[in-house]
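User: I'm new to this one. Could you walk me through how to read its features, one at a time?

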Amino acid sequence: MKTIKVIGAGLAGCEASIKLAELGFEVELYDMKPSKKSPAHELTLPAEIVCSNSLGAEEVTTGSGLFKYELDKLGCRLLEIARKSRVKAGRALAVDRAIFSENVKKLLEEKGVKLIEKEIIEFPIEGPVIYATGPLTSEGLAENMREFFSNEKFYFYDAIAPVIDKDSIDMNIAFIGGRYQEDAGDYINCPFTEEQYNVFYNELINAEQHELKDFEKGHFFESCMPIEEIASRGPKTPLFGPMRPVGFEHYIDFIPYAVLQLRQDDMIGSCYNMVGFQTNLKYSEQKRVFSLIPGLENAKFVRYGQMHKNIYVNSPEKLNSDFSVKGLEDVYLAGQITGVEGYVESIFTGLYVAYKFASKYGKFKDFKIPIDTISGGIIRYITEYSGKNFQPMNANFGLLPNPGKIRDKKLKKKIMADKSIELFDNFIKNFY
Ligand SMILES: Cc1cc2nc3c(=O)[nH]c(=O)nc-3n(C[C@H](O)[C@H](O)[C@H](O)COP(=O)(O)OP(=O)(O)OC[C@H]3O[C@@H](n4cnc5c(N)ncnc54)[C@H](O)[C@@H]3O)c2cc1C
């Protein structure tokens, strides 16, 4: 068997490489970092978490939690490492991004994956190869892919939230606590009075943004919407989203009109990110407007928010069910470029391609995840979606079959989760 080349040592590329090495394949993992970095990547290490440090919820009654259950059963290594690198974030699995990446690098080395620093421009190169170059694939390669796939809808826009130095937060105003009991000690919260919120809101919606070209407008991804875009939908919209004021009554002596939450970003707790505050405002405007947030009057920004063009392929038309490219021999795609959205979803596709590749070359009988599970639903969506507007997808209960009318929403989710777990457990029992 020839050596497998994996292009892109991001989340998908690292998971695929580790699993392939564990399954007995020789792997070369290419990345252009550290000599060349995308606008969002900063670390010199592999598997970089570029924005929020949260990998989402863990309870199986959430789409993200149920998805993690399945990934654990599949022996997902990056998820194991995430738990070893976790920081406090209530019910969410949040990580120290540098420690996470260091641990991934260690495991790659332990498994004998050969890390090679090189930018790959050509598409396709001779297989076996997995392209996992992510939503910010470097320009030359992205252009070659676009040409190959003759894909007009090859991008959408995503934004990063700012990160703040903890010592610059005024803790006489901000307070530690959480919306839910389990989050109690995990977040720093900045409470607004109605008057403070109105001043902040007006400045936010009138603040200067980095300019988007006409063809770039209106391509935001719904679950990573810039805060100014959310606010432009109406003064109350942020209050039902990232600035929801509920659950804080016990902490302060007034009922806040709005609350911004800050989540720990590193293990030592020196940096905090602004939860749900992805933004495209100019840097000077971020400093001016976000300093109107109570407690952040003198905030020092460790990193400003940014916005980026994310690319993805029209996978239902271009990929086979094992994520190999139609018409090419042993050329695969993995990661966000396939049209999944999210860290864990990207990791999963790397794992999926590794297993599919291994079954093709006789390591297993077959690797066919039941479609009525979250991961099975994602694969079906990516490779079989038949509508006109293929959009990136994250793990959610909408991917599961509807059990019919059940009024109690919690009960409905529990029934759906139980069924999905049963199917997945059976699949795993017969697979290994
Ligand atoms: C700005 C931004 C913010 C995001 N925020 C979140 C978030 O908060 N939560 C969330 O769940 N998801 C978020 N995502 C989405 C997604 O989960 C991440 O982008 C995720 O890292 C994608 O994983 P990946 O493996 O596909 O790509 P990546 O992790 O980006 O890895 C791709 C790797 O390929 C390398 N590379 C690129 N081009 C080449 C080339 N030509 N040759 C060699 N190497 C190359 C890069 O250096 C990189 O290391 C965000 C995405 C972006 C762009």
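**Reading the features**

Analyst: Sure, let's start with a helix pair. Helix 2 (residues 63-73) packs with helix 12 (residues 409-431) at an angle of about 10°, and their axes are 11 Å apart. Keep in mind that this is a predicted model.

User: What are the angle and the distance for?

Analyst: Packed helices are described by the angle between their axes and the distance between those axes. Angles under 35 degrees count as roughly parallel, so helix 2 is roughly parallel to helix 12.

User: Which residues make the contact between helix 2 and helix 12?

Analyst: From helix 2 you have Leu66, Tyr69, Glu70 and Lys73, and from helix 12 Ala417, Ser420, Ile421, Phe424 and Ile428. By class, that contact has six nonpolar residues, one polar and two charged.

User: Now the ligand. Which residues come nearest to it?

Analyst: There are 38 residues around the ligand, and the nearest are Gly8, Gly10, Cys51, Gly134 and Gly335. The elements giving two or more residues to this shell are helix 1 (11-22), strand 2, strand 8 (156-160), strand 15 (306-310) and helix 10 (343-360).

User: Which element gives the most to the shell around the ligand?

Analyst: That's helix 1, with three residues.

User: And how many residues of the shell are nonpolar, polar or charged?

Analyst: The count is 18 nonpolar, 16 polar and four charged.

User: Let's turn to the backbone. Where are the cis peptide bonds into Pro34 and Pro128?

Analyst: Look at omega for each bond. It is near 0° for the bond from Lys33 to Pro34, which is cis. Pro34 sits in the loop between strand 2 (27-31) and strand 3 (54-57). The bond from Gly127 to Pro128 is also cis, again with omega near 0°. You'll find Pro128 in the loop between strand 6 (114-117) and strand 7 (129-131).

User: What about phi? What is the value for Ala47?

Analyst: Ala47 has a positive phi of about 50°, although it is not a glycine. Ala47 is in the loop between strand 2 and strand 3. Phe323 is another non-glycine residue with a positive phi, near 70°. Its place is the loop between helix 9 (315-318) and strand 16 (331-333).

User: Is Ala47 buried or exposed, and what about Phe323?

Analyst: Here you count C-beta neighbours, and 20 or more within 10 Å means buried. Ala47 has 29 other C-beta atoms within 10 Å, so Ala47 is buried. Phe323 counts as buried too, because it has 24 C-beta neighbours inside 10 Å.

Note on methods: Residues numbered from 1 in each chain as written. Predicted model: local features only at pLDDT ≥ 70, side-chain atom pairs only at ≥ 80, totals over all residues. Helix = DSSP H or I, 4+ residues; strand = E, 2+ residues; numbered from the N terminus. Buried ≥ 20, exposed ≤ 12 C-beta atoms within 10 Å, placed from the backbone. Near = placed C-beta within 6 Å. Nonpolar A, V, L, I, M, F, W, Y, C, P; charged D, E, K, R; others polar. Axes fitted to C-alpha atoms, helices over the stretch in contact; angles between N-to-C directions. Parallel < 35°, antiparallel > 145°, perpendicular 65-115°, else oblique. Contact = placed C-beta atoms within 7 Å.
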